[in-house]
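Reader: Thanks for sitting down with me over this one. Could you walk me through how the strand assignments were reached?

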Amino acid sequence: MIIKLLQDIANEVQLPVKSRRAGTKWKNLEAVVLSLGTVKSGMYQKIEQGIEMPLVKQSGSLIYQQLFNGKVIVLIQYPFIENYGEPRPPKTIAIYRPEELKSLT
């Protein structure tokens, strides 16, 4: 339900996103990730003379993750460049009971 709703919203505003279900080894603790994708950052790491490795930018994500108590936490993962500093911790937007999410559709 969440994947369909997010994909419909993204299509409506023509936002190029990728949605996926992120599983874990635990049942009912899965997550839904709506990602803005991965791109070249424009920065390069010098490996050797004449060899450069591009640094990759993660453009950010919206994450819906089920908690141990059945509630769903909504997080924003900020954009970051891999191998360049530490990414910011995700920001919590809200925590919902399952019936609150059903009322959104």
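Author: Gladly! This is a predicted model, and a good place to start is β2 with strand β5 (residues 61–66), which pair in the antiparallel sense over 5 bridges.

Reader: What makes β2 and β5 a pair?

Author: Two strands count as paired if DSSP finds at least two bridges between them. β2 and β5 have 5 bridges, so by that cut-off they pair. One contact to look at is Val32, whose bridge partner in β5 is Tyr64.

Reader: Which strand does β1 join, and how many bridges are there?

Author: Strand β1 (residues 18–22) is joined to β2 by 5 bridges, and the two run antiparallel. Here Lys18 stands opposite Ser35 of β2.

Reader: Why is β2 called largely enclosed?

Author: Buried means under 20% relative accessible area. In strand β2 (residues 31–35), 5 of the 5 residues are buried, so the rest of the structure largely encloses it. Both faces are covered: Ala31, Val33 and Ser35 are buried on one side, Val32 and Leu34 on the other.

Reader: What is the strand order in the open sheet of 3 strands?

Author: The order is β3-β4-β7, with antiparallel pairing.

Reader: Which are the edge strands there, and what makes them edges?

Author: They are β3 (38–48) and β7 (80–81), as each pairs on one side only.

Reader: How do you know that β3 pairs with β4?

Author: The cut-off is again at least two bridges. β3 and strand β4 (residues 51–58) are joined by 7 bridges and run antiparallel, so they qualify as a pair. Among the residues involved is Lys46, with Glu52 as its bridge partner in β4.

Terms used:
Residues numbered from 1 in each chain as written. Predicted model: local features only at pLDDT ≥ 70, side-chain atom pairs only at ≥ 80, totals over all residues. Heavy atoms only, no water. Helix = DSSP H or I, 4+ residues; strand = E, 2+ residues; numbered from the N terminus. Buried < 20%, exposed > 50% of the residue type's maximum accessible area, 1.4 Å probe, protein only.
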